[in-house]
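Thank you all for coming. I would like to walk through one model this morning, and I will ask you to keep the picture in view while I talk.

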Amino acid sequence: MSITLVDTAPLAEANGTAPVLLTVEEAARCLRIGRTTCFSLIRTGELESLMVGGLRRVPADAPAAYLARRRAEKQAA
C-alpha cells in the first residue's frame, strides 16, 4: 500500500523547502480539521507527534499516514 502525501506546498518556507515538522495548527489545516480535534488525535496516539523542547510538533508525513490507516480500516470493514 502506498501512502498519499498531504500537500504541504502552502506551508513551504520562503527558500522553497517543504517543512519536516508541522505545528499542530498546520497539521490540522492539512487534515481539514480543527485544532482541538487534532490535539485529540495526538492524545489518543492516532496522529504521531513529538516534543521539540517545549513545543509539540507533527512529522510532515504523519497526516498522510493517519489518512492511509483510516482508509485501510474503512476498506477492511
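Let me begin with the pairing of strand S2 with strand S3, residues 55-59, where three bridges join the two and the strands run antiparallel. I should say at once that this is a predicted model, and everything that follows should be heard with that in mind. Within this pairing, Met-51 stands opposite Arg-56 in S3. S2 and S3 together form a hairpin with two residues between them, and in the turn Gly-53 has a positive phi of about 65°.

On the other side of the pairing scheme, two bridges join S1 to S3, and these strands also run antiparallel; here Leu-21 stands opposite Pro-59 in S3. Taken together, the three strands form an open sheet in the order S1-S3-S2, with antiparallel pairing. The edge strands are S1, residues 21-22, and S2, each of which pairs on one side only. As a reminder, strands of a sheet pair through backbone hydrogen bonds, either parallel or antiparallel.

Staying with the strands for a moment, which residues form a nonpolar patch on the surface? They are Val-20, Leu-21, Leu-50 and Val-52, with about 310 Å² of accessible area together. Val-52 is found in strand S2, which covers residues 50-52, and Val-52 counts as partly exposed because its relative accessible area is 39%, which lies between the 20% limit for buried and the 50% limit for exposed.

Now to the interior. The largest nonpolar core has 14 residues, and those with the most contacts inside it are Leu-22, Ala-27, Cys-38, Ile-42, Leu-47, Val-58 and Tyr-66. The elements that give two or more residues to this core are helix H1 (24-31), helix H2 (35-44) and helix H3 (62-76), and H1 gives the most, with five residues. If you look at Cys-38, and leave aside residues up to four places away in sequence, you will find that Cys-38 touches Val-24, Ala-27, Ala-28, Ile-33 and Leu-47.

Why can H1 be called largely enclosed by the rest of the structure? The reason is that six of its eight residues are buried, namely Val-24, Glu-26, Ala-27, Ala-28, Cys-30 and Leu-31. What covers these buried residues includes S1, H2, S3 and H3, so elements of both the sheet and the helices appear in that list. Just after H1, Arg-32 takes a positive phi of about 60°.Finally, the charged side chains. A search of the whole structure finds one salt bridge, in which the side chains of Glu-25 and Arg-35 meet at 2.8 Å, N to O. This pair links distant parts of the chain, with Glu-25 in helix H1 and Arg-35 in helix H2, ten residues apart. Are these two partners buried, exposed or partly exposed? Glu-25 is partly exposed, with a relative accessible area of 36%, and Arg-35 is also partly exposed, with a relative accessible area of 46%.

Key: Residues numbered from 1 in each chain as written. Predicted model: local features only at pLDDT ≥ 70, side-chain atom pairs only at ≥ 80, totals over all residues. Heavy atoms only, no water. Patch = residues over 30% accessible without salt bridge, like charges linked within 9 Å, V, L, I, M, F, W, Y side chains within 5 Å. Areas by Shrake-Rupley, 256 points an atom, 1.4 Å probe, with all protein chains shown as cover. Salt bridge = Lys/Arg side-chain N within 4 Å of Asp/Glu carboxyl O. Helix = DSSP H or I, 4+ residues; strand = E, 2+ residues; numbered from the N terminus. Buried < 20%, exposed > 50% of the residue type's maximum accessible area, 1.4 Å probe, protein only. Pairing = 2+ DSSP bridges. Core = buried A, V, L, I, M, F, W, Y, C linked by side-chain atoms within 4.5 Å. Contact = heavy atoms within 4.5 Å.
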